[in-house]
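Me: I should like to understand the reasoning behind the terms used for this structure. Please set each value against its definition.

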Amino acid sequence: KNIKINCIFKSTPSSLHSLYELTSYLRDDSFCLMTIDSIFVESEFAGFLKLAKEESNFDGLIAVTGYVDDEKPLWVKVDSCNKILGFDSLQKDSECVTGGIYYFKKGIIEYTEKALSKNIFKLRNFLQYLIDEGINLNAVPFSKIIDVDHKRDLIEAEKFLKQSKTTS
């Protein structure tokens, strides 16, 4: 299958502005968005994508993990069925954080302009805005997602990948 790739080079004031810049490319279909340089178990990502294709009772999926190694984690509160109830910068009674992997169904991208008009600029605040607007987001647990943004993260990622290979 041929895959069309568009490279966009643009400076934006925020993560939500960056997502908004993709509106014309993402308007007509569902999409998977990755916002971090992440390392994870391949089979868990395959399961995430399979769930995205099979399920229909949600508007979006968000990969979550109990592994927390981030300066500003976004904690996720979920119910017993993994429906996302809310997001917070503080842990409170949450057990997992976002992993930077998102799947949104067609139409969700339209909310970016509405959010920007309400002075919502960060992706983390956009996610809460979607919940506030009644959008049904579900959490998909991953055992571990490592955001590689520091040299020490490379060491942890290499260790994790070696361990994952021996257990699969």
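Me: What makes a group of residues in this chain its largest nonpolar core?
Reply: The model is a predicted one. A nonpolar core consists of buried residues of nonpolar kinds whose side-chain atoms lie within 4.5 Å of one another, so that they are joined into a set. The largest such set here has 29 residues, and Leu 19, Phe 87, Phe 126 and Leu 137 have the most contacts inside it.

Me: Which elements give two or more residues to this core?
Reply: They are helix 1, helix 4 (111-117) and helix 5 (123-132), together with strand 1 (31-34), strand 3 (60-65), strand 5, strand 6 (96-104) and strand 7 (137-142). Helix 5 gives the most, with six residues.

Me: Which residues does Phe 126 touch, leaving aside those up to four places away in sequence?
Reply: Phe 126 touches Leu 16, Leu 19, Ile 108, Tyr 111, Thr 112, Ala 115 and Ile 120. Apart from the largest core lies another one, of twelve residues, including Phe 48, Phe 58, Phe 142 and Ile 145.

Me: Why are strand 4 and strand 5 called a pair?
Reply: Two strands pair if at least two bridges are found between them. Four bridges join strand 4 (residues 75-78) to strand 5 (residues 84-88), so the condition is met; the two strands run antiparallel. In this pair, Trp 75 stands opposite Asp 88 of strand 5. Five residues lie between the strands of the hairpin, where Asn 82 takes a positive phi near 70 degrees.

Me: Why is the link between His 17 and Ser 14 called a polar contact?
Reply: The cut-off for such a pair of N or O atoms is 3.5 Å. The side chains of His 17 and Ser 14 are joined at 2.5 Å, which is within 3.5 Å, and therefore the distance condition is satisfied. His 17 lies in helix 1 (residues 15-21). Not counting residues up to four places away in sequence, His 17 also touches Thr 12, Leu 116 and Phe 121.

Me: How many helices and strands does the chain have, and why is it called as compact as a globular protein of its length?
Reply: The chain has six helices and eight strands. Its radius of gyration is 16 Å, and the globule rule gives 15 Å for 168 residues; the two values are close, so the chain is as compact as a globular protein of that length.

Me: What share of the residues is buried?
Reply: Buried residues make up 42% of the 168 residues in the chain.

Technical notes. Residues numbered from 1 in each chain as written. Predicted model: local features only at pLDDT ≥ 70, side-chain atom pairs only at ≥ 80, totals over all residues. Heavy atoms only, no water. Polar contact = N/O pair within 3.5 Å; in protein donor to acceptor, adjacent residues only side chain to side chain. Contact = heavy atoms within 4.5 Å. Buried < 20%, exposed > 50% of the residue type's maximum accessible area, 1.4 Å probe, protein only. Rg over C-alpha atoms; globule rule 2.2 N^0.38 Å.
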